[in-house]
Each structure stands twice: as C-alpha cells, then as structure tokens.
Amino acid sequence: MTQKVLVLFAHPSQHRSEVNKPLFDLAKQVEGVTTVDLYAEYPTFNINIDREQQRLLDHDVIIFQFPLYWYSTPAILKEWQDLVLEYTFAYGTDGNALVDKTFFCSLTAGGKAEAYRAEGYNHFTIRQLLYPLEQMASLTGMYYLPPFGLFGSRTALEEKRIDVHLAEWRTLLQRCVAGDINREHAAQFDKLNHYLGDDQFKMEAAK
Ligand SMILES: Cc1cc2nc3c(=O)[nH]c(=O)nc-3n(C[C@H](O)[C@H](O)[C@H](O)COP(=O)(O)O)c2cc1C
C-alpha cells in the first residue's frame, strides 16, 4: 500500500554541504515524498507546533535527515522533538498520534564506518549512538528502523562515493513510498544500507 513519506531535513550550513544537499535535492524529486528544510523554515527556532504535528499526522514514514553533529542530530531536530512531541499527542494519555508509523534516520558522518564499532575510536555503533531516537520511537509507538548512512562523508566527493549513495537513497525512498519495506527484516540490521544490500543480493541470487 502506498505510504506518505516525510523527510525532515536539518543542516545549519548548507552552503558548505557536499552530501546532504544533494541527498535533500534528490528527495524533493521523489513522488510521494514531502520535504521540509527545518533550518530554512525556522531560522530562529520558532517552530510551529500545530503545523509540525499536522505534518506528522499526514504521513506514514518519518525520516530525520542530517549530518551527525557530536554523535547526535543538529540542534534544531532536538528542539523540534522537545516542542512537537507533546504529551497527549505523541505519548501519555491518548497520545497515540504516531502509533505504527515508521521512523528512521538518514545521516552522514565524517568518521569512517570502521570507527563506529567497539574497537574503533568512536567506541559505539551508529545504532547505539542513536538509542535516544530509537527509544523516542518506542515510547511514541513508532516502528524504528536502523539508520541509512554515509560514512567518511568529508572524502566521499573526491572518492566518488556520493553517486552510489544517492542511488541507494532514491531506491530507499521509492520503496518507502511503495510500502515495499519489510520492517521486521530491516530492523535487524545495524544500518539500512545493509538491508538494501541484502535484498539486492537475494534478488540477484534468485535470477
Ligand atoms: C559541529 C560539528 C560536529 C560534528 N560531529 C561529528 C561527529 O560527532 N561524528 C562524525 O562522524 N562527524 C561529525 N562531524 C562531521 C559531519 O558529520 C560532516 O561534516 C557531515 O557529515 C558532512 O556532510 P555535508 O557535506 O552534507 O555537510 C561534525 C561536524 C560539525 C560541523
């Protein structure tokens, strides 16, 4: 069944963005996807709670898109959560507006993928570092999927890794719109990139 997909994008210095800007521009072109540039819409963090809650009600899949800043989201996404996910709307008595929606992050990180593990200098996997968001999804009844990520983002352009990532992003968004995501299967991975890879592998094998 067709799903309505909402991309909430947070990047405070887009003029310097090599990765998120093209990812966001691509998302704007995918039919069935609504895109919101939070820093452009709320430059003074004066978030319109009613508008944001209505956006959530109107969509089935909620995606936070951002560059990883200090192992978390840029500040506006925290402010957005603090204001929009109100008691009686998102949680608590009768707070069931988000129940059974799908939630995941699409992020870019300067650190390399190998750094995001127990033995690496970042010590934790990206999924572990995002536990507050995973628990936010749990408390509000959303179905949490692991993040879709690009690592080593500062060298992705010169290493020509952006186009592949953009193609995967398009596939992911289109499959979200088509309702073609096996949530139980996808939830088992550390990253959605692996879920997509796994599926592709299976399709190849079935040929
Ligand atoms: C304030 C700030 C904090 C950052 N914190 C992290 C971090 O915790 N982990 C990491 O891997 N990269 C970190 N980075 C690097 C960004 O994730 C990287 O610049 C971004 O993914 C590049 O995407 P863009 O080309 O769209 O700007 C940080 C960058 C800035 C400016």
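## Polar contacts to the ligand

A polar contact is a pair of N or O atoms within 3.5 Å, where contacts within protein further require that one atom be able to donate a hydrogen and the other to accept it, and where residues adjacent in sequence count only if both atoms are side-chain atoms. In this predicted model, local features need pLDDT of at least 70 and side-chain atom pairs count only at pLDDT 80 or more, while totals for chains, interfaces and linings use all residues. Residues are numbered from 1 along each chain as its sequence is written, and side-chain values use heavy atoms, with hydrogens and water left out.

A backbone N or O atom of Leu 68 lies 2.8 Å from an oxygen atom of the ligand, and for a backbone N or O atom of Tyr 71 the distance to a ligand oxygen is 2.8 Å. For Glu 18, a backbone N or O atom is found 2.7 Å from an oxygen atom of the ligand.

## Surroundings of the ligand

The ligand is surrounded by 17 residues (one heavy atom within 4 Å), the closest being Ser 17, Glu 18, Thr 108, Gly 111 and Tyr 116. This shell divides into 8 nonpolar, 7 polar and 2 charged residues, with Gly counted as polar and Tyr as nonpolar.

## Aromatic pairs

Across the whole structure there are 10 aromatic pairs (ring centres within 6.5 Å). Phe 9 and Phe 24 form a stacked pair (planes under 30 degrees apart), at 4.3 Å centre to centre with 20° between the planes.

Technical notes. Rings of Phe, Tyr and Trp (its six-membered ring) pair if their centres lie within 6.5 Å; planes under 30 degrees apart count as stacked, over 60 as edge-to-face and the rest as tilted.
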